[in-house]
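The following exercises concern the salt bridges, the domain interface and selected residues of one protein chain. Each task is followed by a solution in steps.

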Amino acid sequence: MSETLSAPAAAKLGVRIHGTTQLIGVIGWPVGHSLSPSMHNAALEHLGLDWCYVPLPVRPEHLPEAVAGLRALGFRGINATVPHKLALLDLMDELTPAARAIGAVNTVMVQPDGLLGHNTDADGFIRDLRDGGYDPARRRALVLGAGGSARAVVYALASVGAEVTIVNRTAEKAERLAADMAAGTGGRVQANSFSRDALAELVAAAQLVVNTTPVGMWPLIDESPWPEEVPFPGQALVYDLIYNPRLTRLLRWAKQCGARARDGLGMLVQQGAASLELWTGRTPPVAVMRAAGEAALARP
Ligand code: ATR
């Protein structure tokens with residue numbers, strides 16, 4: 001029995017993989033929830049490229065083998081998501097200054113002479129702020145959280161000349177991150193306490209507030225990292241890295257206080273767009289990627 005699909009059946013299934021198709025993808029564990037395959041394949045199709053972006057579920061213990069096989073299998077590059085971004089650092093032949101300073105790799109370029117580890121999260125964050133008409137240079141930014149996502153955000157803000165204050169549930173982590181990023185960027189980064197009084201004082205001066213914690217993410221959508229007795233001033237932009245749901249409790253509160261609110265889908269789209277540009281050398285169709293991301297998010 002033939003295993004070949006008829007042309008109409010293949011078109012119906014959206015199959016556009018041929019003998020010449022170039023491969024890129026995303027490694028994660030799990031990876032089934034990732035919006036990246038939808039965003040990237042929409043962009044590749046729009047650009048008319050004979051490339052395909054595939055999900056690669058890789059268990060943490062198999063990461064070295066999976067990465068070692070990328071070149072042998074002819075992959076052009078990959079994205080990495082939870083939990084692989086940190087572990088990839090040690091598996092690269094070369095790192096960009098951003099990946100080294102952030103301490104995480106989210107984009108790998110497979111080159112003839114080895115694997116180059118990039119981090120496009122920081123770039124994606126700044127691109128999305130600017131896309132929203134906000135220039136973070138010389139602004140006072142307050143970052144909530146001191147985990148992996150905070151590292152990219154603080155690096156990005158400090159690199160473009162914002163003045164950054166980090167507050168975190170575990171104060172020592174905020175202090176360590178502030179010291180690391182001040183040294184890594186030469187920028188102005190400090191840590192402060194996550195108490196109500198400190199927040200009330202800090203927010204009065206803050207022009208940008210960024211939530212990098214997972215608090216408020218589905219399914220715990222009624223939670224917020226921000227104490228609601230501390231209002232946001234109207235001049236602030238409140239940015240939540242969470243995009244599921246798009247309107248978190250934090251962003252609802254920000255809007256009620258008259259502040260501007262921006263969700264994390266734009267950063268996800270822009271970090272992907274930056275990766276695609278690195279791999280293909282083509283200008284990424286950001287609007288197409290955003291629409292595909294929104295459609296994938298809306299699917300049950
Ligand atoms: P990611 O890589 O997504 O940033 P992470 O490295 O686990 O995830 O970091 C999550 C951050 O959110 C941490 O700074 C964490 O605070 P701690 O350093 O004290 O663990 C913060 N966080 C997570 N849950 C939180 C909660 N319920 N309240 C306040 N902060 C929280």
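A search of the whole structure finds 13 salt bridges, a salt bridge being a side-chain nitrogen of Lys or Arg within 4 Å of a carboxyl oxygen of Asp or Glu. The model is predicted, so that local features need pLDDT of at least 70 and side-chain atom pairs count only at pLDDT 80 or more, while totals for chains, interfaces and linings use all residues. Residues are numbered from 1 along each chain as its sequence is written, and side-chain values use heavy atoms, with hydrogens and water left out.

**Exercise 1. A salt bridge between two helices**

Task: Determine which residue forms a salt bridge with Arg127, and in which helices the two partners lie.

Solution.

Step 1. The partner is Glu277; the closest N and O atoms of the pair are 3.5 Å apart.

Step 2. Arg127 belongs to helix α5 (residues 121-131) and Glu277 to helix α10, so the salt bridge ties together parts that are 150 residues apart in sequence. Helices (H or I, at least four residues) and strands (E, at least two) are DSSP runs, numbered from the N terminus.

Step 3. Arg127 is partly exposed, with a relative accessible area of 27%, and Glu277 is partly exposed at 32%. The classes are buried for under 20% relative accessible area, exposed for over 50%, and partly exposed in between (1.4 Å probe, protein chains only).

Step 4. Side chains of opposite charge can pair when their charged atoms come close.

**Exercise 2. A network of salt bridges**

Task: State which residues are joined with Glu294 into one network by salt bridges that share partners.

Solution.

Step 1. Begin with Arg290, which forms a salt bridge with Glu294 at 3.5 Å between the closest N and O atoms. Both residues lie in helix α11, four residues apart, about one turn of the helix.

Step 2. Consider the accessibility of this pair: Arg290 is partly exposed, with a relative accessible area of 24%, and Glu294 is partly exposed, with 32%.

Step 3. The network formed through shared partners consists of Arg246, Asp263, Arg290 and Glu294.

Step 4. Within it, the side chains of Glu294 and Arg246 meet in a salt bridge of 3.6 Å, N to O.

Step 5. Asp263 is located in the loop between β12 (260-262) and α10, and is buried, with a relative accessible area of 15%. Its side chain makes a polar contact of 3.0 Å with the side chain of Arg246. A polar contact is a pair of N or O atoms within 3.5 Å; within protein, one must be able to donate a hydrogen and the other to accept it, and residues adjacent in sequence count only if both atoms are side-chain atoms.

Step 6. The side chain of Asp263 also reaches the backbone nitrogen of Leu265 at 2.9 Å.

**Exercise 3. The interface between the domains**

Task: Describe how domain 1 and domain 2 meet, giving the area that they bury between them.

Solution.

Step 1. Domain 1 comprises 7-119 + 266-298 and domain 2 comprises 123-265; these bounds come from an automatic or database domain assignment. The domain centres, taken over C-alpha atoms, are separated by 27 Å.

Step 2. In contact are 17 residues of domain 1 and 19 residues of domain 2, contact meaning heavy atoms within 4.5 Å.

Step 3. The two domains bury about 1600 Å² between them, 62% of it on carbon and sulfur atoms. Buried area is the accessible area (1.4 Å probe) that two parts lose on being put together, summed over both.

Step 4. Ile102, Met267 and Gln270 supply 38% of the area that domain 1 buries against domain 2, more than any other three residues.

Step 5. Two salt bridges and eight residue pairs in polar contact (both at pLDDT 80 or more) are counted between the domains.

Step 6. On the side of domain 1 that touches domain 2, α4 (97-102), α10 (265-280) and α11 (286-298) each supply at least two residues. The largest share, eight residues, comes from α10.

**Exercise 4. A residue of helix α10**

Task: Is Gln271 buried or exposed, and with which residues is it in contact?

Solution.

Step 1. Gln271 lies in helix α10 and counts as buried, at 7% relative accessibility.

Step 2. Leaving aside neighbours within four places in sequence, Gln271 is in contact with Asn79, Asn106, Thr120, Asp121 and Gly124.

Step 3. Asn79 lies in strand β3 (residues 75-80) and is buried, with a relative accessible area of 3%.
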